[in-house]
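Visitor: I'd like to go over some charged pairs. Can you bring up the model?

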2 protein chains.
Amino acid sequence: MALASSSLYEPLNESSAAALAARLGLFETNSVLQCEEIGDGNLNLVFRITDSKSGHSLILKQALPYAKVIGESWPLTLDRARIESSALVKQAELAPGLVPEVCYSDQTLAVTVMEDLSHLQIARKALIEKKNLPHLAGQIGSFMARTLFYTSDFALKPHAKKQLVLQYMNPDLCKITEDLVFTDPFFDHDSNDFEPELRPAAEALWADSEVKLHAAKLKKKFLTEADALLHGDLHTGSIFVSEEETKVIDPEFAFFGPIGFDPGQFIGNLLLNALSREEEDQDVIFEAIEKTWYTFSATFAASWKQDSRERFSEVDGYLDHTLGQIFEDAIGFAGCEVIRRTIGLAHVEDLDGIEPYEKRIQVKTSALELGRKLIKQRHNLTEPGQLKRFFRHAILR
Amino acid sequence: MALASSSLYEPLNESSAAALAARLGLFETNSVLQCEEIGDGNLNLVFRITDSKSGHSLILKQALPYAKVIGESWPLTLDRARIESSALVKQAELAPGLVPEVCYSDQTLAVTVMEDLSHLQIARKALIEKKNLPHLAGQIGSFMARTLFYTSDFALKPHAKKQLVLQYMNPDLCKITEDLVFTDPFFDHDSNDFEPELRPAAEALWADSEVKLHAAKLKKKFLTEADALLHGDLHTGSIFVSEEETKVIDPEFAFFGPIGFDPGQFIGNLLLNALSREEEDQDVIFEAIEKTWYTFSATFAASWKQDSRERFSEVDGYLDHTLGQIFEDAIGFAGCEVIRRTIGLAHVEDLDGIEPYEKRIQVKTSALELGRKLIKQRHNLTEPGQLKRFFRHAILR
């Protein structure tokens, strides 16, 4: 756990990354490699290495020993490269075709080499551009159901499950979520970042002890409930899409946490996108949320009926209770996500791209209202069909 | 995790145990050591080594690589000796004076050498003998509050807490509890053990899908909620007492689980003792349960107010919610304990010693009723003062 920067580790550059790929035999011997760093460079270096003869290309991702978004002063374990590559392999086994294929990983250099998905687009961008994504919701619903069910105590023998919990201990990355999603946005903390016009709404949130009590309970779930191997950062920026394909990337936040967290982050980011749209363009997003949930719950239920090894699975009501609890948690986690993307450290283009400025402030104020109500009223929401009306009502002022 | 029997491990006998103690310098050089094996030999060898000149004595406990209670065919990791000795050291640090002092531990031989507590009596025996134990409830309440609070996310920084979770991964021993407490007694399983006259009541339990749904939820908490470092087996047979002293022993089941489990097992075993008594002798037990809970909650609350590092601790209602949830869980876990000690594999002398036989069957039938109602109605019990009336009502037929 918490592998520190080793003495053999060094950050690659375009030339050394290409040389490494060649040395590893990842390309034909007579290939002519070109390499380009394409990452945003906050946490990782990302190189695209292309054989200009065949056109074949791969992605080489290397973890950096710090988080650049807040300066080099926030050290971050390189062990997350191990977490990421092993999570990709596990997810590929459980949800074939829905993650990039890993062809090499190396813990010393904190490197993962994988399939190049440059023919696809990040789902957040595609949603902002109002692209038609007919398979996104179903494929993400299926991805979540299969990766979460088959790493839970419902599917695994106790020793195997606990061995995985140990393998995916990820305290550094969990700490980021504990702080930036579940804590800082609910207090007047230095890491928060928002327009001055939002201060009254932020202060109203910080003074709302009811929402803070609910946020405390959701944070405790995240800290203590080791249900299943989460992706851990399943927002729309962690998904590549086309009209046909869906590929989930970047599972460096993977760890054993509450099952509702992944659906919550995904639904939360769909709601952030809905907020950014005019009312007449929102229906497709609410339909996507419904399809996500119905695919998730149907796939989870089918896996439960076919493969549960938990003796109590056969008990009347246990599956329904489990799905109901996951949905309630997901709605609460979605509320936390909507709030933290509005006033916390890490923003989303869906909201930050809204023009003009006055409209952006108005939508972000609505986002805070929506987040609060999702958190506080999650017990009353029992199925995703209620969300559209709930959303419209929540943002009315 | 799951350290197998090493080639250097061998079970000690009275002679080699004394020789080891001498070699380790645990006694004066001119001492004359006598050694006696005093364990029940189910899971461990327990030697008392006495210097017949000074009268000074120590206990040397060695884990066996199997559970003898069900034959040598159930292998059990020797790693539990590491868990036990390190848990005793951690508990001594957090709850001074309430556990035996450890003077030596050795992972190769799976040995822990500790303070001899032979001047004390096992609490279960003392309760069966209706001894006056004025400090038991308060000291156990305090022990639980301090060991549980100070190993939780409320007190520890996230990395330190997750490091402890890893250190106390204990899958072999957890599996015993998962099976024998939370699963087998709720089904017609081979491991169950009860008098033929109890079969109708056992079958009624197995046919009660409401209680099974609740048991499933409690089992899931045990499997997934890593709140704090539990003792993990805090029944009255794991406690040495006198009128003045209380010492908690045998934490080989220690792991990070739901906080309510330790108070639940302790309260469950007090209720088992109450069941064994005539009504006029039960009040002292209900008073002990109340005192246990009030000492636990007052100590937990004081620690929370003084030492919580969780930002949300200051939020109105969070402490009350946390204590309320612990109490509700504890009542459910107590119900599971009452049931499994009645029809499961491991019985208690409180019930098995009841004479005549007809009376024993009658009390055990009441125990099953009580256990079911504790599990099903735990949401309605909000404070321990309600338990006496609840108990009397539950066992009325």
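Visitor: How do the side chains of B:E355 and B:R360 meet?

Guide: B:E355 and B:R360 meet through their side chains in a salt bridge, 3.4 Å from N to O. A salt bridge here is a side-chain nitrogen of Lys or Arg within 4 Å of a carboxyl oxygen of Asp or Glu. This is a predicted model, where local features need pLDDT of at least 70 and side-chain atom pairs pLDDT 80 or more, while totals for chains, interfaces and linings use all residues. Residues are numbered from 1 along each chain as its sequence is written, and side-chain values use heavy atoms, without hydrogens and water.

Visitor: B:R360, buried or exposed?

Guide: Buried, at 13% relative accessible area, whereas B:E355 is exposed at 58%. Buried means under 20%, exposed over 50%, partly exposed in between (1.4 Å probe, protein chains only).

Visitor: Which residues do shared salt-bridge partners join into one network?

Guide: A:D208, A:E210, A:E369, A:R372, A:K373 and A:K376.

Visitor: And where is A:R372?

Guide: A:R372 lies in helix α13 of chain A, residues 357-376; helices (H or I, at least four residues) are DSSP runs numbered from the N terminus. A:R372 is buried, at 15%.

Visitor: Switching to A:D179, what does this residue pair with?

Guide: A:D179 forms a salt bridge with A:K175, with 2.5 Å between the closest N and O atoms. They are four residues apart in helix α6 (residues 171-180) of chain A, so about one helical turn separates them.

Visitor: How many salt bridges does the structure hold?

Guide: 67, over all chains.

Key:
Chains lettered and ligands numbered in written order. Helix = DSSP H or I, 4+ residues; strand = E, 2+ residues; numbered from the N terminus.
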